[in-house]
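Student: I am new to this structure and should like to study one part of it closely. Would you please choose a single pair of residues, and work outwards from there to the surrounding parts of the chain?

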Amino acid sequence: MTLSRQKENISTTHPVYLSGSLIQVSSRTASTMIRNPAKAALRLRIKSKLEAMTPEGRVAQSKAIAAKVVALPEFKAAKRISVYLSTDAEVDTVELLKEMFNQKKVVYVPTYHKTTMEMVKLNDFADYEGLPLTSWKIKQPKWSDNRESALESGGLDLVLMPGVAFTESCGRCGHGMGYYDKFLARLIEKFGRNNFKLIAVAFKEQIVPDNELQMDATDVRLDAVITA
């Protein structure tokens, strides 16, 4: 299904979800709520769905999602973008990376040290191809490389997010380590929530009804989720 974009700005007053389209929400962060112990069960259920996907299905959805992201006015306008480097179980971001470099975007990707995640600069696609693999088989810059940090060099215009599950009103369930929650808290504290867009990409299998995922106090509601 294609979204009929009657409102071009994704920061709308009320959330709207259309399967295979853009989910639109306000820029408000989630209200304070008690942590939901059902998140662990939800992660397991979504993991089972993802494991049941065929490689062909993953590729087809990833290509469709990448095309929709690149077509967004928010993507076109963004000069500084952070994007995760995908595992086999996630929406593939390689084509997005290529397009970012083609469009001369300044690209930042995650690197980790203990409980901290930083978004650090990736110079070009050759730089990406030369990154070492982690034990999770993910390309990742070494923390010791001392690359330029997005937080220390001007912030971000667009953050492209991974996650395990997403709701129809743009709630997000991550992997439970809190890396993105803590990074976004620092980003918001330094630059404000209204100065960047927060957009997730997800397989159709990752979308759940609102009542299946309760937002926690530390969760930041997304501006949009792109599905195939």
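**From one residue pair to its surroundings**

Tutor: Let us begin with Val159, which stands opposite Leu198 in E7. The model is a predicted one, and every value that follows is computed from it. The strands involved are E4, residues 158-161, and E7, residues 197-201; they run parallel and are joined by 4 bridges. In general, the strands of a sheet pair through backbone hydrogen bonds, in either a parallel or an antiparallel sense.

This pair of strands belongs to an open sheet of 6 strands, arranged in the order E3-E2-E1-E4-E7-E9, with mixed pairing. At the edges stand E3 (116-122) and E9; each has a single partner strand, so one side of each has no neighbour in the sheet. On average, and with direction ignored, neighbouring strands of this sheet are turned by 30° against each other. Helix H6, residues 179-191, packs on the sheet and touches E2 (106-113), E3, E4 and E7. The direction of H6 makes about 70° with that of E3.

Let us now follow the sheet to its E3 edge. E2 and E3 pair in the antiparallel sense over 7 bridges, and one of the pairings sets Pro110 against Met119 in E3. The two strands form a hairpin with 2 residues between them, and Lys114, in the turn, has a positive phi of about 55°. Is E3, as an edge strand, enclosed or not? With 5 of its 7 residues buried, E3 is largely enclosed by the rest of the structure. Having a single partner strand in the sheet therefore does not leave E3 uncovered, since most of its residues are buried.

Returning to E4, we may look at what comes before and after this strand. Lys137 lies in the loop between helix H5 (125-129) and E4. The phi of Lys137 is near 65°, a positive value in a residue other than glycine. This residue counts as exposed because its relative accessibility is 64%, where exposed means over 50%.

Beyond E4, the loop between E4 and E5 holds Gly163. Gly163 counts as buried because its relative accessible area is 9%, where buried means under 20%. Leaving aside residues up to four places away in sequence, Gly163 touches Arg172, Cys173 and Gln206. His175 is 12 residues from Gly163 in sequence, and their C-alpha atoms are 6.7 Å apart in space.

E5, on the other side of that loop, belongs to a second open sheet, in which 3 strands take the order E6-E5-E8 with mixed pairing. The edge strands here are E6 and E8, each of which pairs on one side only. Between E5 and E6 the pairing is antiparallel, over 2 bridges, and Ala165 stands opposite Cys173 in E6. Cys173 is thus a bridge partner of Ala165 and also one of the residues touched by Gly163.

The loop between E5 (165-167) and E6 (172-173) contains Cys170. Like Lys137, Cys170 is a residue other than glycine with a positive phi; the value for Cys170 is near 70°. Their surroundings differ, because Cys170 is buried, with a relative accessible area of 0%, whereas Lys137 is exposed.

From E8, we can find a way back to the first sheet. Asp219 has its place in the loop between E8 (207-208) and E9 (224-226), and E9 is an edge strand of the sheet with which we began. Asp219 is buried, with a relative accessible area of 5%. Its side chain makes a polar contact of 3.1 Å with the side chain of Lys39.

Finally, the part we have studied may be set within the whole chain. There are 6 helices and 9 strands, and buried residues make up 49% of the 228 residues. Among contacts with a separation of 6 or more, 75% join residues 24 or more positions apart. The chain exposes about 11400 Å², of which carbon and sulfur atoms supply 53%.

As for confidence, the average pLDDT is 86, and 84% of the residues score at least 70. Over residues 1-21, however, the pLDDT is below 50, although this stretch has 56 contacts in the model beyond near neighbours in sequence. Residues 23-34 also have a pLDDT below 50, with 49 such contacts. Where pLDDT is low, predicted coordinates should not be read in detail.

Methods
Residues numbered from 1 in each chain as written. Predicted model: local features only at pLDDT ≥ 70, side-chain atom pairs only at ≥ 80, totals over all residues. Heavy atoms only, no water. pLDDT = per-residue confidence, 0-100. Contact = heavy atoms within 4.5 Å. Buried < 20%, exposed > 50% of the residue type's maximum accessible area, 1.4 Å probe, protein only. Areas by Shrake-Rupley, 256 points an atom, 1.4 Å probe, with all protein chains shown as cover. Polar contact = N/O pair within 3.5 Å; in protein donor to acceptor, adjacent residues only side chain to side chain. Pairing = 2+ DSSP bridges. Axes fitted to C-alpha atoms, helices over the stretch in contact; angles between N-to-C directions.
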